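Please open the model in your viewer and keep the selection panel at hand. The tour moves from one selection to the next and says what can be found at each stop.

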Amino acid sequence: MKLKSETCEAIDKLIPQYPVKRSAVLPLLHLVQGDQGYISSEGIEWIAEKLELAPINVYELVTFYPYFRQEKLGKVHVRVCRTLSCALVGAYDVADRLAEALDCPLNTTKANGDFTLEYAECLASCGSGPVVLVDEDLYEKVCEKDVDGVADTILAKVNGSVENKETA
Amino acid sequence: MSQKTGEKLISVFIDDEEVRVPPGTNMIEAAASFGKEIPHYCYHPKLTVAGNCRMCLVELGMPGRDRATGEPLLDEGGNPKIMWMPGPAIACGTNAAPGMHIKTESDVVKKCRNGVMEFLLINHPLDCPICDQAGECHLQEYATDYGRGYSRFIEEKVVKPKRTRLGPRVMLDDERCILCSRCIRFCNEIVEDEVLGFIDRGSHSTLTCFPGRQLENNYSLNTVDICPVGALTSMDFRFKMRVWFLSETPSICTESSVGVNTLVGSREGKIYRITPRRNDEVNDTWMSDSGRLLYRELEKADRLTQYSIDGKATLPDGAAKEAADIMRKGKCAFVGSGRSSLEEQFLLQKIRRACGNGPAWLVGRTGAEDELLISADRNPNLRGALVSGLIDRLPQARLTELSEQIDADAVDTIVVWGEDLLEAGLTEEQLEKVTIVYCGYRDNATAAHAKVGIPGLSVFENRGCFINQQFRLQSFLAAVPGPEGVLPDVALLVRILNELDGEGVRPRIESIWQLMSDEIESLKWMTFAGIPEGGQLISCEAFKDLPFIEGKSLHYDPEEALAAAGG
Amino acid sequence: MPAEERRIILKHVDDPEYTVDLDCYLRHGGYAALKQALAMKPEEIRSEVEASGLRGRGGAGFPCGMKWKFVDRRSGKPIYLICNADESEPGSFKDRKIIHSDPHQLIEGMMISAYANDCVLAFIYIREEFPKGARILEKAIAEAREQGFVGDDMGGSGYGCNIIVHRGAGAYICGEETALIESLEGKRPYPRIKPPFYPATLGLYHCPTIVNNVETLCNVCHIVAMGGEAYAKIGRPNNSGTRIWCLSGHVQRPGLYEVEKVTIGEMINELCGGMRPGRQLKAVIPGGGTMKILRADERFQGKLPDGTEFDWAIDDIPLDFDGVAAAGSQSGSAGMMVLDDTTDIPEALANINAFYAHESCGQCTPCREGSLWVKQITQRMCSGGARKEDVDLLLSIAGEVGGRTICPFGFSITWPVESYIGKFREEFEAKADQAENENGNGEHRLIER
């Protein structure tokens, strides 16, 4: 597995911070997914070896946490909160409209890999619902009339940036 | 109840009845010691407590104390006032403390069990008639005891992988898995082979191996034993026989000097599986996969079934008489086996003394040890040969001394019990040169050269004792009958002995034990029937200077053993 | 007197001039409390916190001073501090604001708490969905470290402690403190069984560990600054301090309200500007998705712990730990969801059930199977497949989960089902009556707008 040199540097800096190596597994998964766009089988084995774990220990986590993906996400990751507070103020309609505007069914990745559109569980911004998280940018109080604007921003992002934005 | 003498006991109350147990005893065990079963799936006495199945929920209370004074609170009758916890607690996660009360039969507890059973069954296939676990399935048993009896579930069941090959010997059906994590804990804690894990989450959680890895360690089949349901099955055993048809005979594994306690499951003379039998001093509840497959030896074609003289069939009496005649005349050497029972070794030793006390050897067998349940000494009963006096040194793998004595014409007759001389380093020429009395269940090169051939029985067809590395005397019984017409080895040994010295020993195991307890100091007063289920440690004082080769294993530490022997 | 906010924690966050950098924080008096604390003995700080009566703001409302008291200080093992910033309870969004707008306040509170408890290392476990928050915190920690507020030899005291920002990856269960610890150890975040794994004795790496919520730790700054006794005078007795309420749903002005003593009525009608025009209040979920729903037209009667009898309308319920508890629910993480008369209660329950089914870790049987089952039933009921018997079936299942699981998550299955049906049974029964006329698609959504 070929990681960018800055990813490798970050990994090597990060591991010794923890009193126990294994604690670095989540941060490493974040870094590897940020680098590769997803966590491959090879990525799991690489991390396991780095932290002296059995691959199953890493695999158990990759599949537990919804944020980690074993398949490439779209270039832009769009998450529409569907939990009660947002739902009360129209999140489902916003999600439907967004799916229409992007021509991409919910919980799928556009065939050309441009973006992934998903429902998310509570994004902890309940007072400003409905909210849509586009990569790291939170769009608040998104009404149906705002959807086209959000969709345009997403499409602009797709065209503007080549790689998936995960820079944490 | 297992208690060590002198250990302080405390009182706990199970459904208002007092039970005395050591402090800290797991409450499932405390109840069991009192004859009360608290149903459970995830709890296993030899693994860490996971507490995930929630089947063992009980009501829990402790004697109350006044907050201000710390004085015990008393009820109207002057008895300790029990402060019951507001919600149920898991018995498996509760350790006995003085005055603790649990209720295992209250309405609350019944409701808890009923609820857990229902939850476990809603996504279960409910296809017991085609499930191989039927008959030894806790889900099935507890459903009968604690279940609702009908289903309220009309939603779609969660679909999970079926028939996943976890490794060369273990098959997984995820839809039957109740996620108790026993198998994962076993691999991590006992074998330290982290291959199993849960993936995904919630009701979709699924037991699996990392893709490309396998559950292939030599203890993998223990996961099948401890799986409380039909999720993990043995590829060797699945769908071969319904378990309720099996009769299970206590036996001892011959794989090494650890002396793993086993149960041999058989039906109508055929062995279908071997499983471990719990012995907390030897193997806990585990055994190796390789040990489980030893019964296949019986299926091999090279079985010796005919008593013979010069290759011609004869009857046992004729063979015994001829053997005795040969021994009387020749310069006789003896090759015994560390796989023979103590009784056989003892009789062979008596024969040896009766015909001139010729030299005797054992064939050494060694291999890599795994620090768990396979020791470096692959003879299950080397200690028996020492205790019986057949040998007084540790054996070598090759019979070099015997070979030299044959070449020097110091030996012209060899009595071989259960070994193959060619395998043990002698040459064809040397076998040609001597007269051989052979007894064994294998038809091998030694048998081919034997003047007298005596068919023997395997451990599965025989009964007797082995003495393991701890000097623990352990008995085994016959699980299946031997080939037609083949008598137990001791029957022939006794006949030969009687021919030689005319003592008139009877070929009953009780009689042999009478002799042994008379002649062997460390077996004094003992009888075959009196050997406890978990075996009996005997004195190893006489052998403490021998350089035994075993290192540490699950319940054996050579240094401790030496210290115990006063060395 | 009209109800008003009393902002202590959120004092500056809405000031457009207020930024997240250290200079700004220092200009507003930041890190004075830490300097003050470092001049005190750790046990003095602990007794101030105990005297303050501060109760944990994460959900259970456990007294912070007592939590610190339970820490095993004689084990010889290192003591760890963890800030629980995994804010995931539906309806709660206060920690987000603090992290994104006033990170140094949290860092200061953490460092005081770490010093007070002689912690060797501190962690902020922050949910993945706050990627910017994580970066803001990291930057703030770096700034604070440069100025000697974090790291070795803080302010020349000889005491040193570092902070590691640790990101989650989308799991509500990590808000449960022992699951969080497992997650931080790099294991599947399965809550631990208690006993024996109480964090105060057997926490992170089996060492004594303190896990406190973001808002709780921020409060520690102000307790040190004003003294425990003065702090204890804020709010009602046993409910000391201000509380940041997260208002969402059908009110005119949803958002964060830091208050001292207000009622539900004052909160909704005055601070939040009331319901939307032409709408009536139907129900309130006072403390996050787990908590029991309160029906607008019910009376709440009973006796307070001090013996006073009460007979409240929903508007009269005091918004603090004890007030909401007296009304039969809990203030939890102060995520208050307001539902008006357009809301279909069974659909609201289906929504909540779907959340908890998605988030159940699956470790123990009742929660793993029960969460999915109640989700399936409510979903079916809301999409045309309701049966008469479903209402009692739901109640029966819910009764088999809460209190029988490893962690309190079980109540997130039990309480919503029991309270929504208990208070709005007729709406659930109506679903069965409508069922014959509808053709559900299996998806449920809330009627809105």
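Begin in chain C of this predicted model by selecting residues 103-116, which form helix α6, a run of 14 residues that reaches 20 Å from its first C-alpha to its last, close to the 20 Å expected at 1.5 Å a residue. If you colour α6(C) by burial, you will find the helix mostly covered, with 14 of its 14 residues buried. Just past the helix, select Asp118(C), which follows α6(C) and has a positive phi, near 55°.

Next, show chain A together with chain C, and select the residues where the two chains meet: 49 residues of chain C are in contact with 36 residues of chain A. On the chain C side, at least two residues each come from α7 (131-146), β3 (162-167), α8 (177-184), β5 (243-249), β6 (255-259), β11 (335-340) and α14 (345-359). Of these elements, select α14(C), which supplies six residues, the largest share of the side of chain C that touches chain A. Colouring that side by residue class gives 20 nonpolar, 16 polar and 13 charged residues.

Finally, hide chain A and bring up chain B, where 26 residues of chain C are in contact with 24 residues of chain B. Which helix of chain C gives the most to the side that touches chain B? Select residues 365-385 of chain C, helix α15, which contributes eleven residues there. Coloured by class, the side of chain C that touches chain B shows eleven nonpolar, nine polar and six charged residues.

Methods:
Residues are numbered from 1 along each chain as its sequence is written. Chains are lettered from A and ligands numbered from 1 in the order in which they are written. This is a predicted model: local features need pLDDT of at least 70, side-chain atom pairs count only at pLDDT 80 or more; totals for chains, interfaces and linings use all residues. Two residues are in contact if their C-beta atoms, placed from the backbone, lie within 7 Å. Helices (H or I, at least four residues) and strands (E, at least two) are DSSP runs, numbered from the N terminus. Ala, Val, Leu, Ile, Met, Phe, Trp, Tyr, Cys and Pro count as nonpolar, Asp, Glu, Lys and Arg as charged, and the others, Gly among them, as polar. The expected span of a helix is 1.5 Å times one less than its number of residues. A residue is buried if 20 or more other C-beta atoms lie within 10 Å of its own, exposed if 12 or fewer, and partly exposed in between; C-beta atoms are placed from the backbone.
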